[in-house]
Amino acid sequence: MTDAMPAGDRKPLAPPVEDTGMIGWARKNLFSSWGNGITTIVLIVAVVWVLNGFLEWALFTANFTASTGSECRGGGACWALIREKFRYIFFGSFPYEQHWRPLFAVIAMLAMLVLSADRRMWNWRLLVIWGIGSFVTFLLMFGQIHIPLSLILFVALVCGGAGLALRSALATPSERMAYYALIGIGAVGLVLRILGVLPKWSIGIAPLSYVETSLWGGLPVTLILATYGLAFAFPYGVLLALGRRSNLPLIKGLCVGFIELIRGVPLISLLIMASVMLPLFLPSGTTIDKFLRAQVAVILFAGAYIAEVIRGGLQSLPKGQFEAADAMGLNYPQKTLLIILPQALRVVIPPLINTFIGFFKDTSLVLIIGIFDFLNTANQALVDPNWAGFPGEVYLFAAFVYFIFCYSMSRYSKYLEVELNKGTRR
Amino acid sequence: MFKKVMAGIFAAGLVGAAGTAYAGKDLDAIKARGQLLCGVSTGVAGFASADSQGKWTGIDVDVCRAVAAAIFGDADKVKFIPTTAQQRFTALQSGEVDLLVRTTTYTLTRDTALGFDFTGINYYDGQGFMVNKKLGVKSAKELNGATVCVQPGTTTELNLADYFRANKMTFKPVVIEKIEEVRAAFFAGRCDVFTTDASGLYATRAANAPTPDDYIILPEIISKEPLGPVVRHGDNQFADIVRWAFFAMLEAEEYGITSKNVDEMLKSDNPAIKRILGVTPGMGKALGVDEKWVYNIIKQVGNYGEVFDRNVGAGSPLKIARGQNALWTQGGLQYAPPIR
């Protein structure tokens, strides 16, 4: 009776230390058998060895402060090169003392992208965000923006047409009148403008000095090419995908032909066509901005790929959805925008983001036509005879920046998948 | 060079369709625009490259600036348009650039069938050899039996074979596709000799050698690669200005006129210098530019010697010897017709 302790005082022993915590985990996962144990040790040694070499080069013997390339030579990594060149790598040949402009343009674009990533903004707000974001970006980059009369008329025409198509059943008579008025003003105005009755007139906003696209370079160029390439390619791809499933043979034929043609050639050949062949077909003296040509080539190319991705989503929808929409008495635009696309797009988010990431990186191909995107300005930093000879550092830096963008996109796709599939998750 | 040839053939095919219907005066268009559009390369050390502030420098860039100085009296009134090897001829044909100064080799087909005119040679390049000093080789004639690093499919490879055969020597080629890997192989000691255009050898030595002083570039140059400014057919006056803007830089060097002493030279009694600097008027009028055109070029850009030295010569990291690019009075090939 003396050796029996009262039950309440008994404390359970902690499990043996070998089975818990870090040690337990390691025993269970890394050293569960002789073979596993040896593999673990070999791999640890290999990792330490590689990491040691890398850190030695990148950190311990690296030079952060040299003022010329020759001072840098002989030791480890020459990060002084990045210090000297980072402004050029980010902003290219943009006038040096005005680098704040591309900086804020990049910030505006990133803000625009981050805001439109939020689902609460996916309505009329999106148009406002992109309108303001794009205006700020291009105003900063160009310095001066001239909005021609014909563009205003064209926008009026498109707005009126879209409103009429989407809200035909819901609109009050006065709203409908407004749409007709917009279409009327747009159409008549454009015809008069083409006939030369209306003068060539434009709204000019010119707070800063004008900087032409040939001086743009670095990150803004990559971001603009990718963002606007995909922003325009997306609706265009949706139209192509819908057209490919159309019952009208002409539309279907055109869409299939376009998609197959574009998918059948590499982006490089399209860019070369745009930059080398196109100018020869234009009347002498007229040149279309090189940047614009590249941008259009990217849009066309991305559009074809996005169309095929979206077609996959459209095909995954059961026929009943189409029939149900018809039975509700919805017209084609309403059926497509309200019933079909929301379901189809949800299905194709992973491959769509995959395409986006691919295109973000593909924009670096414009370097073959002499446009200085981010990768090309990084390349340029290698050519400067005073600093030449450190390709490793420059490409590592460029890879790091690309990684930040692509990894954010991939995380966002993950988030979006979870968000949009809440309804179907178990 | 093979690529250059291919691009030439490609562009020659294109120009058949485009024809040479370039009416109107390029010079008028340039003056109306207030700016010269000059096509340069997208980055060749010493010839055209952007510095840390995005400013273009190089020997090609300075030719563009000299032309701008002759036309406008202001060397900064020029916009540099980077062009790739494939795109450069189209850019000139389509009017995207007024003038192309882009390490372009002067050849008959380019001068004729492409519809262009070469206005001079601002750099005499040619294929050369680089070796490690440890080999103790002083001349390419001593390279019998050497292993040579070379890129395949270029005229470089053909020139190399021809040269060794002509001199009854043998060599073992180490053929590597990518230029970066060719360089790496050479500096790792996988071959005794590295061969490419001499300017490329100097740039490689300056940029990629672990210790540049361990390597020498042999004096023999075994091929001709004359690089010069190009304009399109159709405006002879503009072509003349480009031609003489470059000649003026050579003439200035010959007469000892530099950017530093040009103001004193205005007081010179030498009739040739008086003509060149426009103290005795007439030359500018004949060319259709301001009488002080040479003064502006030399003051703002410098004479050829200064330009060479600053961009590729002793005053630059490339340290290219003047060699064939020395004036004719000093044993080189650079020779300008007289300004009179």
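This passage describes the confidence of a predicted two-chain model, the contact between chains A and B, and one helix of chain A. Residues are numbered from 1 along each chain as its sequence is written, while chains are lettered from A and ligands numbered from 1 in the order in which they are written. Because the model is predicted, local features need pLDDT of at least 70 and side-chain atom pairs count only at pLDDT 80 or more, whereas totals for chains, interfaces and linings use all residues.

The model scores ipTM 0.79 and pTM 0.82. For chain B, the mean pLDDT (the predictor's confidence in each residue, from 0 to 100) is 88, and 92% of the residues reach 70 or more. Residues 1–24 of chain B, however, have pLDDT below 50; this stretch has 38 contacts in the model beyond near neighbours in sequence, two residues being in contact if their C-beta atoms, placed from the backbone, lie within 7 Å. Where pLDDT is low, the predicted coordinates should not be read in detail.

The contact between the chains takes 28 residues from chain A and 35 residues from chain B. On the chain B side, at least two residues each come from helix 1 (2–18), strand 2 (49–50), strand 4 (78–83), helix 4 (88–93) and helix 8 (198–208); helices (H or I, at least four residues) and strands (E, at least two) are DSSP runs, numbered from the N terminus.

In chain A, helix 8 (residues 173–195) has 23 residues. Just after helix 8 of chain A, A:Gly196 takes a positive phi of about 90°.

Definitions and conventions: The expected span of a helix is 1.5 Å times one less than its number of residues.
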